[in-house]
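I opened my notebook today to look up how the helices of one protein chain pack together. Have the structure open beside you and follow along.

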Amino acid sequence: MLFLAVFCGFLAENQREHYVEHQREKQYARALYDEFFADSIAVADKIKLRLDKEKDMDYLNAYLKDSSLTSLPREFYPAYTTVMYLVNTYSFEPKDGILSQLKSSGSLRYFKSTTLQKLFGDISVCINNVRYRNEQEYQFFASPIKPFMLKHYDFNWMNELRKHDENETAINLVNYYRKSDTIIKATILNLPSFDKGETSNMISFYKQMLVSTRTLQMNDYIATNRKLLQELRRIYKLK
């Protein structure tokens, strides 16, 4: 009888631990799902913004070929600003706080699915690749774009635009300007030393960098993120 009682107690404790682990697994799955779902929306928004920036790059290159640099049209400075001035606005910063926490605590062991385990590894690689590309893009901004801007960009244009709403983001202010009837005069500073050919080449190279990030690293992240969300939904009946 004593042996039976101890054995039953062992079974009950084992069942309780199994139940607790399963509940933790479900909680972690929900937390991961929410984090990656939010990023699936964020990356889609960044893709749209980057496509708009690529169009502005095409506009600037076309304008620089045979247009006047002394009498700029109203459309020039919004494009000039999004291409040369705004950087972080177009960077997708994937979040992996929950995944990193589960890795460091060893809690990924609660997930028994080999498919999920593989996807966790795949998404970690995608996140690192996106972050590496972000760093490469920023380095290109730091040089040569930033020195170019300090020499040729009329920052008074942005200062005047900020008077519309000092608390608004730069990209929203640019979008406001494009839709409004406001006209803010601006020039290309140090125009005698402004080289059309070099500027066009710099923009073209920058565009190829952005396109590569969008079509490779960001698309890889999107595809893996989608598979991960689908698998989490399938196993844990998440919505």
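**Entry 1: helix 5 and helix 6**

At roughly what angle do the axes of helix 5 and helix 6 cross, and within what distance do they come? Before answering, I noted that I am working with a predicted model. In it, the two axes cross at roughly 85° and come within 10 Å. An angle from 65 to 115 degrees counts as roughly perpendicular, so that is how helix 5 lies to helix 6.

I then looked up who touches whom. On the helix 5 side I found Trp-157, Met-158, Leu-161 and Arg-162. They meet Ala-170, Leu-173, Val-174, Tyr-176 and Tyr-177 in helix 6. Sorted by class, this contact has eight nonpolar residues, no polar ones and one charged.

**Entry 2: helix 2 and its surroundings**

Next I turned to helix 2, which covers residues 76-85. Is it mostly buried or exposed? Nine of its 10 residues are buried, so the rest of the structure largely encloses it. I wrote down the buried ones: Phe-76, Tyr-77, Pro-78, Ala-79, Tyr-80, Thr-81, Thr-82, Val-83 and Met-84.

How does helix 2 sit against helix 6? Their axes are 10 Å apart and pack at an angle of about 160°. Angles over 145 degrees count as roughly antiparallel, and therefore this pair is roughly antiparallel. I also noted that helix 2 passes helix 6 in a left-handed crossing.

For this pair, Pro-78, Ala-79, Thr-81 and Thr-82 come from helix 2. Their partners in helix 6 are Ile-171, Val-174, Tyr-177 and Arg-178. By class, I have five nonpolar residues, two polar and one charged in the contact of helix 2 with helix 6. Val-174 and Tyr-177 of helix 6 were already in my notes, as they also meet helix 5.

**Entry 3: the nonpolar cores**

Which residues have the most contacts inside the largest nonpolar core? They are Phe-76, Tyr-77, Tyr-80, Met-84, Ile-145, Trp-157 and Leu-161, in a core of 38 residues. Two or more residues come from each of helix 1 (2-66), helix 2, helix 4 (114-152), helix 5 (155-162), helix 6 (170-179) and helix 7 (196-236). Helix 2 gives the most, with six residues. I also found a second, separate core of 25 residues, which includes Phe-92, Ile-127, Tyr-236 and Leu-238.

**Entry 4: Met-84 and Met-149**

I picked Met-84 for a closer look. Leaving aside neighbours within four places in sequence, Met-84 is in contact with Phe-141, Ile-145, Phe-148, Met-149, Thr-199, Met-202 and Ile-203.

From there I followed the trail to Met-149, which lies in helix 4. Its relative accessibility is 3%, so Met-149 counts as buried. With the same near neighbours left aside, Met-149 is in contact with Met-84, Tyr-85 and Phe-155. I also took one long distance: Met-149 and Glu-25 are 124 residues apart in sequence, and their C-alpha atoms are 51 Å apart in space.

**Entry 5: helix 4 and helix 7**

How far apart are the axes of helix 4 and helix 7? They are 9 Å apart, and the helices pack at an angle of about 160°. These two are therefore roughly antiparallel to each other. Helix 4 passes helix 7 in a left-handed crossing. The residues of this contact divide into 22 nonpolar, nine polar and six charged.

**Entry 6: backbone oddities**

Which two residues does a cis peptide bond join? I found it between Ser-143 and Pro-144, with omega at about 25°. Pro-144 lies in helix 4.

I also looked up positive phi values outside glycine. Asn-190 has a phi near 50°. This residue lies in the loop between helix 6 and helix 7, and Asn-190 is partly exposed, with a relative accessible area of 45%. Lys-237 also has a positive phi, about 55°. It lies in the segment after helix 7. At 67% relative accessibility, Lys-237 counts as exposed.

Technical notes:
Residues numbered from 1 in each chain as written. Predicted model: local features only at pLDDT ≥ 70, side-chain atom pairs only at ≥ 80, totals over all residues. Heavy atoms only, no water. Buried < 20%, exposed > 50% of the residue type's maximum accessible area, 1.4 Å probe, protein only. Helix = DSSP H or I, 4+ residues; strand = E, 2+ residues; numbered from the N terminus. Core = buried A, V, L, I, M, F, W, Y, C linked by side-chain atoms within 4.5 Å. Contact = heavy atoms within 4.5 Å. Axes fitted to C-alpha atoms, helices over the stretch in contact; angles between N-to-C directions. Parallel < 35°, antiparallel > 145°, perpendicular 65-115°, else oblique. Left-handed = near helix turned anticlockwise from the far one by under 90°. Nonpolar A, V, L, I, M, F, W, Y, C, P; charged D, E, K, R; others polar.
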